[in-house]
Amino acid sequence: MIPRVRGNDYRALTLEEPLDPRLTVSVVVPAYGGQDKLDLVLAALARQTYPDTLTEVIVVDNGSRPPLRLRGERPELTRIVRCEQPGRAAARNAGLAAATGEVIHWLDSDVLLTPGALEAHMRWHHAAPYLSVTGYLRFTEAPLPAELPDDLEAAFEPAEPHSWLVDLVERTDGLTDNPQRPFSLHVGGATSVNAALIKAAGPMDDDLVLGQDTEMGYRLWQAGAVFVPEPAARAYHIGPTMRMRDKAPIDRVSHAFVADRIPAYRWLRGHPGRQWKVPYVTAVVDAAPGYDAVRATVDALLAGTVPDVSVLLTGPWDTLERDRRAPLKDPSLDLVLTEGHYRHEGRVRLVTAAEPDPAVPYTLRLPAGWVPGDDTLARLLDLAREQGLGLVNVLLDESADGVVAARLERTSAFARARIVAEAGEDLDDVVDDVAGVLWVDGASYGFAAEAEPPQGRRGAYKERLAALEEAARLRKETERLRAQVAKWRDEAGNWRKSAVELRREVGTLRREIGTLRRRLAAADRARKNLRSIVSTTFRRALRRER
């Protein structure tokens, strides 16, 4: 049984200790000139701990003048193939075509593997047949030696780490914490990939000027790959890379091309209306229910908040024979109307069988007649992406006749499921193992059985202007209220000060009243004493007179 990894959490795999080497590996080294560096690269490959008999090395001479040669220390199964078409992608594809290994290891002609690096890669490939493993590069400015030293670390340190790769791995817990773009780890300098996985994904895109590694990594992800960073697979890159020297201009060139091919780079697709070579989601709709039902569904999809969508409209289009003498009696009238309505819509393809492009990240299978709301598709995509789900089932209706449902499928999850599924096993159950499956209620996500007229771009534009005006009014009102609150706070501060002063005055008055009360009490006692004295004196005077 092939082991199953959920998402990109390769920690579920068990590595052999010790490794019993069985898989063959082809190391593909594209090179243009640089014979001295190539000699060191081949010498480092000759010192690998992985068996020499299971390792072939294919050096692709990409039009060097003079031609490259095999000289000095190298693995026994090393050969040179020529590729006159310029470019790393073309050279790697030439090496790939000549390779016979069960694993392909991309290696640049200025990267020196430490002795255990290849074995560290292959240990993972023995654990599962759908992995892409990337080693850790360190960039050295040390002078180029005439011969490969025995101790690479002593010769090439201090060196700089591949900081971008290290940061990616650290902030995603080793690419295991539901990373959205784990394929970014696929760098051609020191990455190995299962050969069957490359066959499923296809070779490198030699139409690209830059970004070929990332674009191929994306297609490997779509084909079911799990991406593994392996710190034990260490290597030294002689000098900095071109991207390290000129990151901004290289990104400018790369982004102009990969935006069309990698839908996962959402920030490169900020335009609200244009179409791309590879859409983010493809909806599959069956034309059988009829023109009105199909139009309600398809028009709603095209008018939603996800413009990066294409539609495959399935039906027997090749059987249409229009009866122009009595069109209203044509038994295929609804099919004719549907075909005529969408024939020139660029985002809709009329197909006899639904075969979505494997490069498209998501496929929505939706029964005709069910109408998504403006933001329905966006909400479903957010749900699948945030939870890393492979399948979101949407319950549209349930009756005695059965369940009507839509399905949002993640292409990469289904590709992985096909790799690990056993004979007769339900594919949805396998998807649940490798990514997760969830049921949601269609009404709560905005699906309806009746369509409202699409708003249209002009209506959306007017609503946006109205919303901006309302937002501006609310901002002004907020500022007014803030000013009023500030004024009230100032007044409250003055009132607090006045209250403190009043408290002090009251305290003074209370003390004065207390003093007066004490004086009055003393005067009252004096009066009483005086009366007592007068009374006593008077009584004595009366007694003397008597």
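What follows is a short chat about this predicted model.

Me: What should I know about the model and numbering first?
Reply: It's predicted, so local features need pLDDT of at least 70 and side-chain atom pairs count only at pLDDT 80 or more, while totals for chains, interfaces and linings use all residues. Residues are numbered from 1 along each chain as its sequence is written, and side-chain values use heavy atoms, with hydrogens and water left out.

Me: How many helices and strands does the protein chain have?
Reply: 15 helices and 16 strands, taken as DSSP runs numbered from the N terminus (helices H or I, at least four residues; strands E, at least two).

Me: What's the radius of gyration?
Reply: 40 Å for the protein chain, where a compact globule of 546 residues would have one near 24 Å. That's over C-alpha atoms, with the globule rule being 2.2 Å times the number of residues to the power 0.38. The C-alpha trace spans about 160 × 85 × 45 Å along its principal axes.

Me: Switching topic, which residues make the positive patch on the surface?
Reply: Arg-539, Arg-540, Arg-543 and Arg-544. Patch residues have over 30% relative accessible area and no salt bridge (side-chain nitrogen of Lys or Arg within 4 Å of a carboxyl oxygen of Asp or Glu), and like charges are joined within 9 Å.

Me: Where's Arg-544, and is it buried or exposed?
Reply: Arg-544 sits in helix 15 (residues 456-545) and is exposed, at 66% relative accessible area. Exposed means over 50%, buried under 20%, partly exposed in between (1.4 Å probe, protein chains only).

Me: Which residues form the negative patch?
Reply: Asp-374, Asp-375, Glu-452 and Glu-463. Asp-374 is in the loop between strand 13 (362-365) and helix 12 (376-387).

Note on methods. Patches are made of residues with over 30% relative accessible area and no salt bridge: like charges are joined within 9 Å, nonpolar side chains (Val, Leu, Ile, Met, Phe, Trp, Tyr) within 5 Å. Accessible areas come from the Shrake-Rupley method with a 1.4 Å probe; for residues, only the protein chains shown count as cover. Lys and Arg count as positive and Asp and Glu as negative; His and the chain ends are not counted. The place of a charge is taken as NZ of Lys, CZ of Arg, CG of Asp or CD of Glu.
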